[in-house]
Amino acid sequence: MTTDNTSVRFDTKIAVLLREDLAPWQRLNVTAFLVSGLGSTLPEVIGEPYADADGTPYLPMFRQPVLVLEGTKETLTAAHGRALSRSLPRSVFTSDLFATGNDQDNRAAVRAVPKDQLDLVGLAVYGPRNAVDKVLKGARMHP
């Protein structure tokens with residue numbers, strides 16, 4: 001948004017797709033983990049640092065909104081395949097990660113399963129607006 005309250009239309013999109021059967025705490029946890037992957041490797045998605053009127057500094061955040069959607073397990077699997085076929089930047093969260101307690105075990109859990117057999121519960125994707133829309137076909141906005 002600009003200071004005059006007019007909307008900015010971005011050429012790119014950041015989106016998270018969550019499996020519809022997740023508990024509320026899982027939805028929040030998965031979303032946080034997924035977007036951290038995008039922000040840490042794609043500097044163009046991060047804006048400038050914040051500061052309040054007293055000059056207290058705050059960390060920068062995404063420069064554009066993050067859309068959160070939901071879908072069935074099948075929708076998530078299809079979106080994952082489309083994201084791969086379009087070579088879009090993506091991060092995944094599998095059901096196995098709910099049983100791990102650290103980053104090393106998380107990576108090992110994903111590495112142990114072939115891509116077409118991952119039990120996906122979340123997917124984040126970034127790219128051109130139209131490409132991301134095609135990847136997310138069949139998903140609906142998170143309530």
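These legends describe close-up views of a predicted model.

**View 1. F62 sits in a loop between two strands.**
F62 belongs to the loop that links β3 (57-58) and β4 (66-71). How exposed is F62? Its relative accessible area is 22%, so F62 is partly exposed. The cut-off matters here: buried means under 20% relative accessible area.

**View 2. F62 has contacts from other parts of the chain.**
Set aside the residues up to four places away in sequence. Which residues does F62 then touch? They are I14, V35, G39, V45, I46 and G47. L28 gives a distance to look at as well. F62 and L28 are 34 residues apart in sequence. In space they are 17 Å apart, C-alpha to C-alpha.

**View 3. Strand β4 pairs with β1 and with β7.**
Start with β1, residues 12-19. Six bridges join β1 to β4, and the two strands run parallel. One pair to find is L17 with its bridge partner in β4, L69. Now turn to β7, residues 140-141. Two bridges join β7 to β4, and here the strands run antiparallel. Which residue in β7 stands opposite L69? It is M141. L69 therefore appears in both pairings: it partners L17, and it stands opposite M141.

**View 4. Strand β6 is mostly covered.**
Strand β6 spans residues 120-128. How many of its nine residues are buried? Eight of them are. In a regular strand the side chains alternate between the two faces of the sheet.

**View 5. Strand β6 pairs with β1 and with β5.**
β1 and β6 pair in the antiparallel sense. Seven bridges hold this pairing. Look for A15, which stands opposite V125 in β6. β5 and β6 pair in the antiparallel sense too, over five bridges. Here V92 stands opposite L123 in β6.

**View 6. T94 is a buried residue in strand β5.**
Strand β5 covers residues 90-94, and T94 is part of this strand. Is T94 buried or exposed? With a relative accessibility of 1%, T94 counts as buried. What is T94 in contact with, leaving aside its neighbours within four places in sequence? The list is V110, L118, D119, L120 and V121.

How values were computed. Residues are numbered from 1 along each chain as its sequence is written. This is a predicted model: local features need pLDDT of at least 70, side-chain atom pairs count only at pLDDT 80 or more; totals for chains, interfaces and linings use all residues. Side-chain values use heavy atoms; hydrogens and water are left out. Helices (H or I, at least four residues) and strands (E, at least two) are DSSP runs, numbered from the N terminus. Buried means under 20% relative accessible area, exposed over 50%, partly exposed in between (1.4 Å probe, protein chains only). Contact means heavy atoms within 4.5 Å. Two strands pair if DSSP finds at least two bridges between them.
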